[in-house]
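Colleague: I'm new to this one, and I'd like to know how the labels are earned. Can you walk me through it?

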Amino acid sequence: MAPALDVRALQVSLFTRTGVLPAVDHVSFSVAAGETLALVGESGCGKSLTALALMRLLPDPPARIIGGEIRLDGEDLARLDERAMQGMRSKRISMIFQDPAGSLNPVVSVGRQLVEVIEAHTDLGRRAAIDRALELLDLVRIADPKSRFGEFPHRLSGGMCQRVMIAMAIACGPRVLIADEPTTALDVTVQAQVLALLQRLQDEIGMAMLFITHDLGVVAQVAQRVAVMYAGRKVEEAAVDALFAAPLHPYTRGLLAATPKAEVDRAARLAEIPGMVPPLGNLPTGCAYAPRCPLAGKRCWAERPALTEATPGRLVACFAADAMQDRIVNDVAVVGS
Amino acid sequence: MARQLRFEMTGRFLRNRGAMMGSLILAAVVLTALLAPVVYPGDPLRIVGPAELWPFQDARFPLGTDALGRDIAAMLAHGARTTLLIGILASAASTVIGVTVGAVAGYYGGWVDEAAMRGTELFQTIPNLIFILTIVVILGPSIAHIIIAIGVVSWTSIARLTRAEFLALRNRDFVQACRAMGLGDVAIITGEILPNALPPVIVLSSLIIAGAVLFESAVSFLGLGDPNVASWGKLIGDGRELIRTSWYVCTIPGLAIVVTVLSLNLIGDGLNDVLNPRLRDR
Amino acid sequence: MPERPVLRLLRRRLLQLIPLLIGVVVVNFCLIHAAPGSFLDVMTSDNQVTDPALIARLRTTYGLDDPLWLQLLKYIAAVAHLDLGFSYRQNMPVFDAILAHLPATLILMLSGLGLAVLVGVTAGIIAAVKIDTIWDSIVSVLAVVFFATPSFWLGIMLTVLFAVKLRWLPVGDMTTLGADGGTLAQLLDVLRHLVLPALSLGLFYAAIYARVMRSSMLEVFRLDFVRTARAKGLSAARVTLAHVVRNALLPVVTMLGLQMGTVLAGSVVIETVFAWPGIGTLLFDAVSTRDYPMVLGIMVLGSLMVVAANLAIDLCYLWLDPRIEVG
């Protein structure tokens, strides 16, 4: 079956005072209907820009798509003009954001904000749109939708706001839902509820989901496949189980090692990878991870590793991936014995 | 990249150009004011020629004469003196009042602050120009009284700003250190905090000059100016009766006011850019 | 709009109003005593008042035989009873004279302000949406120029152009003398007389609002919820009008509240230019004839109007920004 969303060689550049920076560099991935792909990486790796590029909502200036295709059921969103794209947003491709409270207009009631998206994409009259909005509020498990309808965002908790955002995103039954760190700003318990809600809705609507996060713990819960990004490039892609069992890229390994086992000390979760992401304006000639990589050899500094299929369904961009695979096999053997 | 870079450069250049232009215009006005007694000696309000002579008709009166046959150019030049004098002194007066109130309120806090802010609110409530007119009417029309009146009305924004600066500065380490060393309140206020609080206050003062010029012109226009000195506002007021025949009598001094106030505002904006770098990229 | 915050706001404002008005009256009192020579002497000799009954009345109003503190208390008490003194110039109580001239001033103020908000906000929106284009530059230049233009001079220049040269509009006054016709004709007549004064008063404030609105729009454009609105598939126009403008208006409303006093003062000057029969004309007349009770009365009532207008602005704000919690 053809994937619902198929991104090919997407390139986004930042046009800044100091030069043109390759923020998203030839990134490709696809997500099938009903499937969830997690896009992970540290902040600044280009995952959020990728998401905004798919919605054609890049902040321009400085960011612009300079190449690649974004195929939604075969139709290339990158080629659409703004008007046609407006018809796509929230109707066939939706997005929810990291800061739910800030993502809602503070001076408009949540009900009206919800009705607005329904009216923009359907022929429903005001009355019918309100009924539909109430239904949606109920669908995202907001208790007593009627009384919440006229409420303003500042009166709602972060989790409530995110539920409203989700209701808006699914209002028109989109093919693709992009969730950009949707639970990062929420409490742990609320986080679990929102994740469960997203999964239930995905099952009901059968939409493809692109789930962006830097939290690998969340990935295991929601996604079937994972794509790892580093410094604007995809460095590894695999099924969730395979990736967690045997990460091939040293960066992925670092990320996994840095993921806290318990929900303690979440702030420090990525502190264990030594070094920092190199600035986009000053990427090394070779592998961008080489300066932080414990396995970096001469070749890694001189040459950029291409994304290759390590095993069927697994992509990795690393010269040491083979060695890594052997080591993991050994580790697993040791643990198993 | 080029697009954004160009915008930023243009923005900054434009603003600098504005401040530059403002400085040049103001320099010209100041020069006019300084040279007025040399170029146009004697009383500018004396009658020197035929009445209602249009500009560019007679080389002796390049800007024409008014209803009484007084030289408009001479009155304009001497009016620049009045305008600048009142503008600068009124701004200075409001700065002194405002800084004093704001500093005391911000430094001491508590009920002193509360009282000072209530007072500030009170002065903001009384419609400014009506207040000025009332003061001038009661004290009598003279340059000194106009300066006092404008000063009494314009200090509130300075007080608020100074207070905010003092609130931010009063608990800084260097102030605490001075207090520990046994320095008196007055010494700390004037010697330690004030110099740090002053830059934004100076920007505001420069903008208050512009406001004072507008106030002065309105007061003179309404006939409450000092009757013995030339003033742009008065010139407009006197020319009002002639709008059917000789509207230039009103137009010329009005343009002088616009240009002067414009230059002061441009300089104020420019200073703001330089002294408040946080706002520079707006 | 929930009812309780409104009531709470009203009560708090009214409580603030009392000390504020007492303050204004005290300022007034100080001004009276700052006058050189005996206030009564100046007042009576300036106007050749010889009628002993009137002098006696003035003496009681200002309680000039009492000690200062008692005078002050009596003065406050008089004002509290809306006794602002008697205007021998108008030959009626100051309060009645002001009340008679109030409607004209309100019409001028409101239309001037309405115009200023309409023009300024629109210009600010255009400048922000078309940032760094020729439109933005035009708005900026016009805003800087009108911000430096004295309203009374603008009024005279507009009169020269539109009333004297082009003869499109009347030179001054509020109604055409001897004009008759139905209510509609009279209304149109007043409107024709209103155009130039409202423009003269409004353009200065339009310049301010254009600048405030522009920078406020640019600020709001950066906020997250604007991205959400775009992600909903709304058109750029709808995002701007329904989401950005509504939020960007808040600083303009705040500004409006702060400027009520200056607008009233500005309309005073404009009224004298256009012979508009409002408080300004009354004040100008009082000022020229040293009608002190009238001048002081206008100052007190003017302050009261400012307080009332601020209350209206606060209520407006309550409606515009649901985040405001009155505590």
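Modeller: Let's start with confidence, since this is a predicted model. Chain B has a mean pLDDT of 84, and 92% of its residues reach 70 or more.

Colleague: Which elements of chain B have the lowest and the highest mean pLDDT?

Modeller: Helix α1 (residues 2-39) of chain B has the lowest, at 75, and helix α5 (residues 143-154) of chain B has the highest, at 94. Then there are residues 278-282 of chain B, where pLDDT stays under 50. The model has three contacts beyond four places in sequence for that stretch.

Colleague: How many helices and strands are there in chain B?

Modeller: Chain B has 10 helices and zero strands, so from the N terminus on its elements read α-α-α-α-α-α-α-α-α-α. Its C-alpha trace spans about 75 × 60 × 35 Å along the principal axes.

Colleague: And how much of chain B is buried?

Modeller: Of its 282 residues, 49% are buried. As for contacts in chain B with a separation of 6 or more, 69% of them join residues 24 or more positions apart.

Colleague: What makes C:Asn91 exposed?

Modeller: The cut-off for exposed is 12 or fewer other C-beta atoms within 10 Å. C:Asn91 has 8, so it counts as exposed. You'll find C:Asn91 in the loop between β1 (86-87) and β2 (92-93) of chain C. Its phi is near 60°, a positive value in a residue other than glycine.

Colleague: Why is C:Ala275 called partly exposed, then?

Modeller: C:Ala275 has 15 C-beta neighbours inside 10 Å. Exposed stops at 12 and buried starts at 20, so a count of 15 falls in between and C:Ala275 is partly exposed. C:Ala275 sits in the loop between α11 and α12 of chain C, and here too phi is positive in a residue other than glycine, near 50°.

Colleague: Why is helix α5 (residues 94-129) of chain C called oblique to α12(C)?

Modeller: The two axes come within 7 Å and cross at roughly 130°. Roughly perpendicular ends at 115 degrees and roughly antiparallel needs over 145, so roughly 130° makes α5(C) oblique to α12(C).

Colleague: Which residues make that contact?

Modeller: From α5(C) come C:Ala97, C:Ile98, C:His101, C:Leu102 and C:Thr105, while α12(C) brings C:Ile279, C:Gly280 and C:Leu282. By class, that contact has five nonpolar, three polar and no charged residues.

Colleague: What about chain B and chain C: how many residues does each put into their contact?

Modeller: Chain C puts in 42 residues and chain B 38. On the side of chain C that touches chain B, α1 (3-34), α6 (134-147), α7 (151-165), α11 (260-274), α12 (279-288) and α13 (292-320) each supply at least two residues. The most comes from α13(C), with eight residues. By class, this side of chain C divides into 30 nonpolar, 10 polar and two charged.

Colleague: Which residues touch the most other members of the largest nonpolar core?

Modeller: That core has 273 residues, and the ones touching the most other members are A:Leu114, A:Val176, A:Leu210, B:Ile132, B:Leu133, C:Tyr209 and C:Leu283.

Colleague: What is B:Leu133 in contact with, leaving aside its neighbours within four places in sequence?

Modeller: Its partners are B:Val219, B:Leu222, B:Leu224, C:Leu283 and C:Val287. To be called a contact, a pair needs C-beta atoms within 7 Å, so each of those five pairs with B:Leu133 meets that limit.

Key:
Residues numbered from 1 in each chain as written. Chains lettered and ligands numbered in written order. Predicted model: local features only at pLDDT ≥ 70, side-chain atom pairs only at ≥ 80, totals over all residues. Core = buried A, V, L, I, M, F, W, Y, C linked by C-beta atoms within 7 Å. Contact = placed C-beta atoms within 7 Å. Helix = DSSP H or I, 4+ residues; strand = E, 2+ residues; numbered from the N terminus. Nonpolar A, V, L, I, M, F, W, Y, C, P; charged D, E, K, R; others polar. Axes fitted to C-alpha atoms, helices over the stretch in contact; angles between N-to-C directions. Parallel < 35°, antiparallel > 145°, perpendicular 65-115°, else oblique. pLDDT = per-residue confidence, 0-100.
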